[in-house]
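This report describes the internal spaces and the nonpolar core of one protein model. Please consult the sequence and the structure below while reading.

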Amino acid sequence: MAHPVHRPRRLRRSAALRDMVRETRLSPTDFIYPLFVVEGRDVRRPISSMPGIFNLSLEHAVKEAKLAKSLGVPAVILFGIPDHKDARGTQAYATDGIVQRAIREIKAAEPDLQVIADVCLCEYTDHGHCGVLDGNHVANDATLPLLAQMAVTCAQAGADIIAPSDMMDGRIGAIRKALDEVKHQDTPIMAYSAKYASGFYGPFREAAQSTPQFGDRRGYQMDPGNVREAIRETALDVDEGADFIMVKPALSYLDVIRALRENFDLPLAAYNVSGEYAMLKAAGQNGWVDYERVMLEVLTSIKRAGADLVITYHALEAAKLL
């Protein structure tokens, strides 16, 4: 039998060779680190379903943001949990709301760290849905002005990027118009363009105290079986003025990441969500997988699929390893 002409194994012989020909590389600058900010002082409350992640009062959120910056992570994304919730989520767009104050304090402590404000009402409403209600229905058009108002107060507090996650139709256009009207035309929008109605969000809802009090979010988040719809949704966001696009979740939607990468040339983020993080943590703690190795493999897969940025709870651990 003739010897093989082509020997791909030649380029796998050593760590140095493998590193030289690696196609997809991870860097701390690829990551965005989520923070959950709560009222109070000296609060660092563990989230039971997300080992290593905490509800943080402002001073601890600032420390965590400074740590992220020191590790080379360029951005954090903020989620606020207020003491008071009501039907219209009024604390979401209060100028002295928990997220608005967190933005000010983090930017004062780390001016070069990019602070992203997640814009949605679900953490602020007493019913846990992402908009205002008309009976048991989330009223799309009535929600848009409130999202726009939240975006404005966050931008005025110093947010570098506005990231609407609500999945209301027309929200990118409404937010862009509102920001432009208050002379924040240079504040970019990171659109959660393809956000699916996923079972992987469970631990997040514990962290953000945002579980819907009735029904679910399938009436406004996307059906997991659809990818062509993701392209349509994203095209609408781009047309309305989005500066970044996003896929959420990431790991079960790598094909969607690839589809958006092939169809759009904007910076593309993917959200490696709480359930994906929790599963990997549990497997690692039980000794079923090599946690650090698999974590980097997962993050590499997300970037290899086409993501430029990865929002991940692994950000600090991964940055230390890299």
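Which strands each supply at least two residues of the lining of the second largest cavity? They are β1 (31-38) and β3 (54-56), strands being DSSP runs of E with at least two residues, numbered from the N terminus.

## Basis of the model

The model is predicted: local features need pLDDT of at least 70 and side-chain atom pairs pLDDT 80 or more, while totals for chains, interfaces and linings use all residues. Residues are numbered from 1 along each chain, and side-chain values use heavy atoms, without hydrogens and water.

## Second largest cavity

The whole structure holds two cavities of 30 Å³ or more. A cavity is a set of points on a 1 Å grid over the protein atoms alone where a 1.4 Å probe fits but cannot get out, and lining residues have an atom within 4 Å of a point. The second largest cavity encloses about 50 Å³, a volume being the space filled by probe spheres set on the points.

Strand β1 contributes the most to this lining, with four residues. The lining comprises Y33, P34, L35, F36, G52, I53, F54, L56 and E64; seven are nonpolar, one polar and one charged.

## Nonpolar core

The largest nonpolar core (buried residues, under 20% relative accessible area with a 1.4 Å probe, joined through side-chain atoms within 4.5 Å) has 112 residues, and I162 and M190 have the most contacts inside it. Helix α4 (residues 140-157) provides the largest share of this core, 10 residues.

Technical notes:
1 Å grid on protein atoms, 1.4 Å probe; cavity = no way out; pocket = protein on both sides within 12 Å on 5 of 7 lines; lining within 4 Å. Nonpolar A, V, L, I, M, F, W, Y, C, P; charged D, E, K, R; others polar. Buried < 20%, exposed > 50% of the residue type's maximum accessible area, 1.4 Å probe, protein only.
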